[in-house]
Amino acid sequence: MEFGLSEDQRLLEDSVRRMLEARVPMDVVREAAQGETGFDAAVWAALAELGALGVLIPEEFGGSGLSFFDAMLIAEQLGRVAAPAPFLGTAIMAATALIEGGTDAQKRELLPKIAAGELKVGVAVGEALQARDGAGIRLEAGALNGTALSAVDGLAADAYLVAAGGDTLALVPRDATGLDVTAMTTLDRTRGFAELKLNDVRTNALIGAPGQAADIVRRVINAGRIALAADMLGAEAVMIERAVAYSLERKQFNRPIGSFQAIKHACAEMVADLEPARALVWYAAHAHDNAPDEAAVMACHAKAHLGEIGRSIANNATLAHGGMGFTDLMGLHYWFKRIHVDRALLGGPERLRHEAAVLQGWAA
Amino acid sequence: MDLTFSQEYQDFRAEVRDFIARNKDRAPRSRGGVEAPTAEMIDWQKRLIAHGYAARTVPKDYGGFGAAPDPLKTYIIGVEFTKAGAPLGLGSQGITLLVPTLLEHGTEEQKHRYIPDTITGVIPWCQGYSEPGAGSDLASLQTAGRVEGDEFVINGQKIWTSSAHFAEMMFCLVRTEPDQPKHRGISYILIPMETPGIEVRPLSTMTGRSEFNEVFFTDVRVPMSNIVGARGQGWAVANTTLKYERDALSDPDHAGSMLRSLIALMQQETVDGRSLMEDAVFRDRLLKLQARVEAMRLNNLRLLTASVKKQDAGVPRLVSKLVGTHLMQDIAALGMDVLGELGVLYEQGEHLRSHGAWPFRYMFQLGMIIGGGTSHIQKNIIAERGLSMPREPKVAAA
């Protein structure tokens, strides 16, 4: 019985953290955010080299075959630096779809490319949950039609994982005839989001049988939710650390503002929110591999809860910096924005709690 | 992450379950409130000690079970008893606070004299720490013990003393060295409550019950041998106790049990024929609480892992009283709110639900938020010890 990181996991966390701290300083984030796609090729290559992109992929397909818990630790580290990298769509969601639902041929062809950083996948499964502005994709007579909004990591993608309804999954190459990709600019410019318009896109690359892939779609969404919760965990932890550090440097009335109880209590409240939430994210990631009965509820709770405390931490950590917190120069806003986008993706807190209630038989 | 238990612990779990199955019928009914243990409760406590389910790590010499500390076994006992609805061992201040302190600082004679009867509940204790002028700044306490011959002569007043109305003994902080700096002038003294000069007055609280007392000392004479630790060392001795108190006050399993009661309440109670669980607004509040309860349950597993490894969990430990007590009150608040106008009924009446447990818990939890270091103090502790933020500068005396 050990609730926490194993020695190997500590080493993994440490190596990812050291690499990201070296390779993704604020300047890199800033530059990527000013670009078109929220993608940095050098960071991506470094993640591939470290084995981070193949974390979930079995060794026989070129990955390191680690657990979802390990993948969650990497996602947290990416959130800590607000990494401009399509890790969520590619290494978490697309990899999950292929590992759990792909044919042997699909796995052999695609998984090694994901692990090597040669295939970046945007993911459009949001409409399987809920549709806005009439969006939605249908598969009819071997052709995909419709639109998908907020495709995750959708701008630098080489291919798209698209859900048609809640029970069909297809892989569509970027250059497929009839596919139109439009950028959707969000608050968070460290990652790219896209609107996909599909007009008679022919595909023979379904994952799972048509109409039979509902379980895979749910697993992909759960995996994405836990990774988003972990991304928020990392971003929230950094915002608190920065607020504490700033409050020890900044002096007013001849003393560090961190000696005022107003600031100390705000920091204590943030960390009192964060540390129990860390345990929740850990358990959700553990349950994803090991406790199928609880996995979906825990994924909902983890993402909803990290989104709720995240809003409060993002605001209060900024507030602790006074006017500097509001500036572009300080750069806190990259985490502020990342947390808010994470919170909204794949179901916001209200939606997630409703799902958790349905899963427990408390709502229809 | 490994949430499996080795064979040794699986066997232990089976043993605990078997004990509960065979003995549950003999378990005393809890009556709630702060009352002296009944003969039934003392019997149950002795049975638990004999099997190692209470006073587990207290040495056999002092009437305990004498097992080596094993946080996993303690955890398993807690989980299995709670799950079965069987009462755990007594959790009085004498057992949770005084006994560990005596084991660490007491003389051999004190240990033999007090520990065996304390762990069984035969001697109930109360804690004499807070005073009207010494709350958060406990070390400024003024209850004075002057030395006359081989006795302390104690004068002063304590407050918030739960159990004082039935306790036989008090473990008390007394200023015995008035010339020393405030932290070094205090002694930790054991005082029989029947000593002449002690007056106990119940202190009614907002719940309508008397959870606390005021205790007045007028020339109370206590042998100097009743001191624990050396003269003037009481602050250090008491700090062992305070550490246990902060750990003891918030129990995430309690939050889980209260949440389960709330779920049952929301499924049973109806408004205009619809269950409250069908109400999307109330249900959303329930689900928010469920996430927080889960987070604290899991945070507790983190603390458990740290204690197995003999490590200090740091911030996750420091936040647990603050977070746990507010969480409990928020659960009780939703219990009141789902009952609407019936949620503010109290004490009696045909429409009263669960004997008024929801508004009682709501108010009682506010007491828990205040007791053992208010939330404001907790936040100072978290910021200073957990985040290494500076203390407030001392204000110069006027």
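Me: How many residues does each chain give to the contact between chain A and chain B?
Reply: Chain A gives 36 residues and chain B gives 38, where contact means that C-beta atoms, placed from the backbone, lie within 7 Å. This is a predicted model, in which local features need pLDDT of at least 70 and side-chain atom pairs count only at pLDDT 80 or more, while totals for chains, interfaces and linings use all residues. Residues are numbered from 1 along each chain as its sequence is written, and chains are lettered from A and ligands numbered from 1 in the order in which they are written.

Me: Which element gives the most to the side of chain A that touches chain B?
Reply: That is α8(A), with 16 residues. At least two residues each come from α7, β10 (255-256), α8 (261-290), α9 (292-320) and α11 (349-359) of chain A. These names follow DSSP runs numbered from the N terminus: helices are H or I of at least four residues, strands E of at least two. By class, this side of chain A has 21 nonpolar, eight polar and seven charged residues (nonpolar: Ala, Val, Leu, Ile, Met, Phe, Trp, Tyr, Cys and Pro; charged: Asp, Glu, Lys and Arg; polar: the others, Gly among them).

Me: Why is α4(A) called oblique to α7(A)?
Reply: The axes of α4 (residues 68-81) and α7 (residues 214-249) of chain A come within 7 Å and cross at roughly 40°. Angles under 35 degrees count as roughly parallel, over 145 as roughly antiparallel, 65 to 115 as roughly perpendicular and the rest as oblique. The crossing of roughly 40° therefore makes α4(A) oblique to α7(A). Among the residues that make the contact are F68(A) and M72(A) of α4(A) and I226(A) and L233(A) of α7(A). By class, this contact has 14 nonpolar, three polar and three charged residues.

Me: What makes α9(A) and α11(A) roughly antiparallel?
Reply: Here the axes cross at roughly 155° and come within 9 Å. With that angle over 145, the two helices are therefore roughly antiparallel to each other. Residues of α9(A) including V297(A) and H301(A) meet residues of α11(A) including L352(A) and R353(A). The contact divides into eight nonpolar, two polar and four charged residues.

Me: How do you know whether F19(B) is buried or exposed?
Reply: Count its C-beta neighbours: there are 20 inside 10 Å. A residue is buried with 20 or more, exposed with 12 or fewer, and partly exposed in between, so F19(B) counts as buried. F19(B) sits in helix α1 (residues 7-23) of chain B.

Me: And why is F253(A) called exposed?
Reply: F253(A) has 9 such neighbours inside 10 Å, so it counts as exposed. F253(A) lies in the loop between β9 (251-252) and β10 of chain A, and it has a positive phi of about 55° although it is not a glycine.

Me: What makes S388(B) exposed?
Reply: With 10 C-beta neighbours inside 10 Å, S388(B) counts as exposed. Its place is in the segment after α12 of chain B, and its phi is near 55°, a positive value in a residue other than glycine.

Me: How do you know that the span of α11(B) agrees with what is expected?
Reply: The expected span is 1.5 Å times one less than the number of residues. For the 14 residues of α11(B) (residues 357-370) that gives 20 Å, and the end C-alpha atoms are 20 Å apart, so the two agree. Buried residues of α11(B), including W358(B) and F364(B), pack against α10 (320-339) and α12 (375-386) of chain B. Just after α11(B), G372(B) takes a positive phi of about 65°.

Conventions
Axes fitted to C-alpha atoms, helices over the stretch in contact; angles between N-to-C directions. Contact = placed C-beta atoms within 7 Å.
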